[in-house]
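Dear colleague,

I am handing over the structure we spoke about, and my notes on what was found in it follow directly below. Please read them with the model open beside you.

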Amino acid sequence: MTTSEAALPSTTLGLEPPTRGRGWAPAWMRRHNLQLWIGGVMLGLMVLAAVAAPLITRYNPTTPDALHTLLGPSGEHLFGTDNLGRDVFTRVVYGTRSDLTIAVVAVVAPFIIGLVFGIVTGYFGGWIDTIMMRIADIVTAFPFFILVISLVFILGNGAWSIFVAITCVSWVAYARLVRGEAMVLRNKEFVAACQAGGISPVRILLRHFAPNVATQALVYSMSDIVMNVGVIVTLSYFGLGIVPPTPDWGSMMADGQQFLAGGYYGLTLFPAAAVIWTSLALSFIGDGLAHALRIDR
Amino acid sequence: MTRTKTLRGAVVVVAATALAACSSSSGGTSTSGGSPTSGGSLVMARADEATSLLPSVPTDNASIWIIEELYDTLTTPAQDGKGVTPSLATSWKQSADKLSWTFHMRTDAKFTNGQPVTSADVVFSIKQNQKADAPFSFIDSVVTKMDTPDAHTVVFHTKEPWAPLPADMALYANSIVPKNYAGMSASAFASSPIGSGPFKFKNWTKGSSLTIVKNAKYWKKGTPRLDSVEFTVVPDSNTRSTQLASGQIGINEYPANSSIKSLQNQPNISVNTFPSSEVDYLGMNTRRKPLSDLNVRKAISQAIDKDAILKAVLYGYGKVANAYLSPTTWAHDSSLKANTYDVAAAKATLAKSSVPHGFSTTITIPSGDQNSSSEAQLVQSDLAKIGINVTIKTLDPAALVTAKHAGNFDMAFGLYTTDIVDPDEIARFAGTYDGGVQTLYSGFKSAQMDKLAATASRASDQSTRKAAYDQMQQIMANNVPYVTLFYVPGVYSYSKKVHGFQPGATGNYFLEKVWMSK
Amino acid sequence: MTENMKRPLLAVEDLTLALGLGGEEFNALEHLSFALREGEARGLVGESGSGKSLTLRAILGLLPPNAVVKSGTMTFDGEEFDLARQSNRSERRRIERLRGSGISMIFQEPSVALNPVIPVGEQIVDAVLRRDHMTKKHAREYAIHLMELVGIHDATAKVDAYPFELSGGLKQRVMIAAAVAGKPRLILCDEPTTALDVTVQKQILSVFTHLRDELGAGLLYVTHDLAVVAQLCDSVTVLYSGNVMESSSDLRAVFDHPRHPYTEALLRSTPDVDQIGRRLYSIPGSAPSLDERMVGCPFAPRCEYRQDDCGQQRIPDLSKTPERTVHCLHQVEKRTLDAVLEEETS
Amino acid sequence: MLRWFARRLLLAVPVVLGVVTISFILMHLAPGDPARSALGEKADPAAVAALRHQWGLDKTLPAQYVSYLNQLLHGDLGTSLYYHTSITTLMAQRLPVTLALIVMSAVLASLISIPLASRSASRPNGATSFVIRLFNAVIQGSPTFFVGSMLILFLGVRVAIFPAGGYPSGFGARAWALVLPALTIALSIVPLLVRGLRAAMIESLGSEYVAFARSKGLPESPIRHRYVLRNAGISGVSILGIQVGALASGALVIEQVFAIPGMGSMLMTGILNRDYAVVQACTLMFGLVVVVVYLVTDLVYARLDPRARLS
């Protein structure tokens, strides 16, 4: 059910191919793979802050303080306080724990399922491929978020439901990606050599296919984490995600929205900045990885 | 009757549980805009959509408040909610034996199809609401028989002496529809309703907007002044506020409390709170241990800092509740001393209970309701101080109602309002096991409450009734089946071009009095 | 056509061009010079990687973004162009104005050089149509005419076809038709037959011969195939690793008496139907890649006649005759090629 | 071409069937009893049983599936508990709104992406390119609802050019009211579209056919339009087609934020009110919309790229 890929001719000039559009970093960044470093540092800072949260802030992310509600940013409260008097900086930092953890964990299962599914269909082809790809087509026919939200409706709120719902939907992207790679690999000579040498398909798949195709999937998983963060945050925004008082960027933004009219922009903007920061970091890393693994062209 | 306002808005549940009344300027919009003029189209943005315009069907405010504009009732609630005023009925009288009421009707009222409003229509209408599947049938269950001595007189015979009947007749569910739905089926009538009210139905695009237009032949001469009113559905409170600011709409129902301050600073917008019968509470399931223990419930009610919640969540728009009956009814006991906030006392009370060192429990809140979420988090932190460990659970609003009905919860917020000016029905609904939903889902049962409620409704003299109601309020305060939190006003923000908008305590918009300046 | 005094139509002088690869620059062409008279067909011969295609692209200003012209001028029909100033907009415009009507080009791969989503007829005339304000109908007739000119028989049927619907040979004919549509005075050909089957190659070559006679346009014909040069060209320039090795306005002279060892080696490695049984020579080693280039004669490492002084400095033209250029310190003067070949055959 | 399309249509049949099946299974996985939630917890068990019978919930699952299919074939999507009305009627009002929103988003996304991509492709390492890429990365990281409320705040309130949500009556007013929500949804796919178009344009600009066109003396502007834009546009169309799911997801979120009465807000209301039939119908329709858009995309693709008709 997918539309055909544009079969654009590639240049035959025996020169360096023009940089393709995948990476977003300019040449000077790419030269030393700076974007991998920058992304790594950006994400590292977040992870570090999340892990060391109790050390870098003395506030509790969930304890209300009726005397200090809706304060603006100050030395005391870096990002100000919310309507219940909680320190927004603290909540943003603790929010990293819940949002990023689920986003990352929710990548693992689809990654593995997609890898197995994709390798098997790509390697064996034939009717297995036809049937399994039809299943993938059906899942992709549903808009991503609509299927996720319907699944959450069925499963109920909370981290576990989000995790299951995302897994049910996002394995397809991995499967397609891996299948494509596997089909290319299958036709490579070393596979024929292995087959001729009587090496079992399982061994071929594990030894040669998995590592080769996994790198592609790994790069994709970075943008998948970004997507997951978006999904979690949006679900929480609709009140279908992480249950309060657990700090979470989505519910913080949802709560903060009603204060926009009153001029309290920070309540919405700081968690939003955290989301954007995370996405930027991950897309830097994704580009950097692609560059490092030489699959960005 | 009362109903729990359940589904307030899909996403950003606006003022659902909260909105309180320090009710500074409850005078409504004055006539300061000059003398009333006719004409104009008003747009009112609301969080919720009406579900049905057939008077005997819906229980949600979004439907009810439109029904009240389309149809007339025999009597109308007074603006302050403390009595009823004539409407289709010009006078009414209880018989000497107190077992019947006679209503004399005006003769100049006509339905929008031109047909005059007669006593036969009244009988048909009340009978619709007496059908078993009508949610408010119990209100009319006291009526055993109706007589129509002439076309404009109705006699209601009651099972027992029934003081609240004139107030019951003001209920929207007892709205007068043409006999036999003017020859239509109920569902056909529901999609093109005919009433005798100030406005007549024009069209309804489900999910988007519902428009009513001026009934030029309305019996109250000179009203309504507006040409049309459009009710739009805008779930997001921010969007409603911005639409008002940009002049797209005239009235914003329930602006977010947090935005009221900034709204008040805008030159073209008025914000007003109107006394409402709404009472917010924290429900407890007394069938479950350890909430079955009175000392536990009492400790909880002492541990909750209602003032802090009022300030943080309702922004002071409201009043901490002492009694379960709201001040909008004459039965309210203002002298009642409820369990006040005192952490030390709460600890002491809990120490006397079956769980002296605390326990773990849950509060279930509707998903997407930020106010409930804030309230729950504050309660959670308050109760933590006396050793009660609360986990917050969320359920989608409909599932939460189901869970409450099934007794499948520990604690949950709720609210109740009344559509009837007489305290009888709300006193039963929120205070007795059989008067509604098992004493607001708590499962609390008290024979004494039932007896007092019966006494109050039979007595025709107000002081006897008041004494009974005072006693009921005391019993509820002693037994704490739920923690009454706040009396909450209705909050509306509207363009300064809108005049005369003053919803009543029972929520009625009284749109026939509204007019717009150019 | 052999009047030496005739002013050259195209002259390229001292063209040096560098390619940027992975942040470093390498010279792909060095001090390249050659000239071409009106109506002359010159073969530009060399192995792949010798910079033949880049030379053609430099002439038309079609270099890839990573190519930088360090120095070089071009004279076309008496007008001089500074190839090193192509970043200058007006300078670039001047070359752009030559395209189509002055100089046009035929590419190596017909399958990628035609836009896959536009009918071929339209591609043949789109440039002319725009320039000459032709009517659509007239343009279409002209396209059919051109297609017939290059030997497409059922041109009326093929004019609306998409490139993917045509065979390689037909596509190449279409490209030729497009290249001659603007009646250019010079056609650059970038190995136009390499991608085709041998039989089709022959047909295309005959199209070229036909066109030369018909249109009188000059040809600058890039190829690695000396046999093609022999068949089509009047003159030849031999390139190796971005440097001119040998050049002559008289093709026969070079073929009979190659003076540069590389030319000689090339000729020895060319199959010749006249000499069946001869063991083909193969040049030892392989052409250096861009980053392996060194001082002196680039061919020195593979040269049979190599001496110590070959690798010390840039080798100037040592031919001593105006119609010939030979960049070699130790020219092959003693023997004729025939003598060498005879020796090998025996 | 016709045969090609027929084959394409045939291939869609199992997917459509799969979509129907999944929407059916999903709702039967959902906990709770629709009949009971329709009548309330206090309802008489006999009444519940009667309603279950009336709705066919007492039949076996395969039997229910068959009658569900039968119902769908007759254009019947069931009855909404919340709206007390036929879902088919509701859908007839809601679907066009969402479709209009999606189409408008796709158009806006193209209008925004094409200049950005061209700009960035013609000088891939320039400063503007860098800014465009940074903008893309930031937009890609911003949740749609956040972008929406920021747009409302600035373009709906501060500079009140657009209505701050709502769906007025009248064609012109409606189209105008859809601009801001459509822009929000469009922005969510702009980064992907710019990226894809930019890659295709760079590829096209460096391609032999562009070099050949230049060698013929074709000026730069027709090359940009007839060659680069057209060829890159083909991959743009397929990106846009694949992204219809993202557009629909965006519509779900944005209809809430802007109070647009489309299928997305219907689904959300259905979810919050446990209106099973509505959730089922909306899920189904969203799936079908995607399948149809894929078909249309293939059709457009085949029109633009003659090669596609071969396969």
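**Chain A and its annotated spans**

In chain A, residues 36–56 are 95% helix and 0% strand, and the end C-alpha atoms of this span lie 26 Å apart. Please keep in mind throughout that this is a predicted model. The span at residues 263–285 of chain A is 87% helix and 0% strand, with its end C-alpha atoms 35 Å apart. Both stretches carry the UniProt feature "transmembrane region", which the unreviewed entry also places at residues 100–123, 135–154, 160–178 and 225–243 of chain A.

The unreviewed UniProt entry further gives chain A the annotation "domain: ABC transmembrane type-1", covering residues 96–286. Over that range the chain is 84% helix and 0% strand, and the C-alpha atoms at the two ends are 19 Å apart. Taken as a whole, chain A has 11 helices and 0 strands, so that, as a DSSP reading, its pattern along the sequence is α-α-α-α-α-α-α-α-α-α-α. Of its 297 residues, 55% count as buried, and among the contacts in chain A between residues at least 6 apart in sequence, 70% join residues at least 24 apart.

**How the chains meet**

Which chains share the most contacts among the 5 pairs that touch? That pair is chains A and D, where the contact takes 61 residues from chain D and 46 residues from chain A. On the chain D side, at least two residues each come from α1 (2–29), α6 (127–141), α7 (144–158), α8 (171–205), α10, α11 (244–258), α12 (263–272) and α13 (276–304). Among these elements, α13(D) gives the most, with 10 residues. By class, the side of chain D that touches chain A has 33 nonpolar, 21 polar and 7 charged residues.

Chain D also meets chain C, with 22 residues of chain D in contact with 25 residues of chain C. Here α9 (208–215) and α10 (220–242) of chain D each supply at least two residues of the side that touches chain C, and the residues of that side divide into 10 nonpolar, 5 polar and 7 charged. The helix α10 of chain D is thus named for the side that touches chain A as well as for the side that touches chain C. Chain B and chain C, on the other hand, do not touch, and their nearest C-alpha atoms are 46 Å apart.

**Chain C and its two domains**

Chain C has 12 helices and 11 strands. A compact globule of 346 residues would have a radius of gyration near 20 Å, and the 21 Å found for chain C agrees with this. Along its principal axes the C-alpha trace of chain C spans about 65 × 50 × 45 Å. Buried residues make up 46% of the 346 residues in chain C, and of the contacts between residues at least 6 apart in sequence, 65% join residues at least 24 apart.

The domain assignment divides chain C into domain 1 (3–102 + 184–345) and domain 2 (103–183), and 28 Å separate the centres of these two domains, taken over C-alpha atoms. The contact between them takes 26 residues from domain 1 and 20 residues from domain 2. On the domain 1 side, the elements that give two or more residues are α1 (52–60), β7 (186–190) and α8 (198–215) of chain C, with α8(C) giving the most, at 6 residues. That side of domain 1 has 18 nonpolar, 5 polar and 3 charged residues.

Is Ser48(C), which sits in the loop between β3 (41–45) and α1 of chain C, buried or exposed? Ser48(C) counts as exposed because it has 12 C-beta neighbours inside 10 Å, and 12 or fewer is the cut-off for that class. Ser48(C) and Val254(C) are 206 residues apart in sequence and 21 Å apart in space, C-alpha to C-alpha.

**A caution on chain B**

Chain B averages a pLDDT of 86, and 93% of its residues score at least 70. Over residues 1–31 of chain B, however, the pLDDT is below 50, although this stretch has 134 contacts in the model beyond near neighbours in sequence. Where pLDDT is low, the predicted coordinates should not be read in detail.

With best regards

How values were computed. Residues numbered from 1 in each chain as written. Chains lettered and ligands numbered in written order. Predicted model: local features only at pLDDT ≥ 70, side-chain atom pairs only at ≥ 80, totals over all residues. UniProt positions renumbered as here; feature names shortened; annotations may be inferred. Helix = DSSP H or I, 4+ residues; strand = E, 2+ residues; numbered from the N terminus. Contact = placed C-beta atoms within 7 Å. Nonpolar A, V, L, I, M, F, W, Y, C, P; charged D, E, K, R; others polar. Rg over C-alpha atoms; globule rule 2.2 N^0.38 Å. Buried ≥ 20, exposed ≤ 12 C-beta atoms within 10 Å, placed from the backbone. Domains from an automatic or database assignment. pLDDT = per-residue confidence, 0-100.
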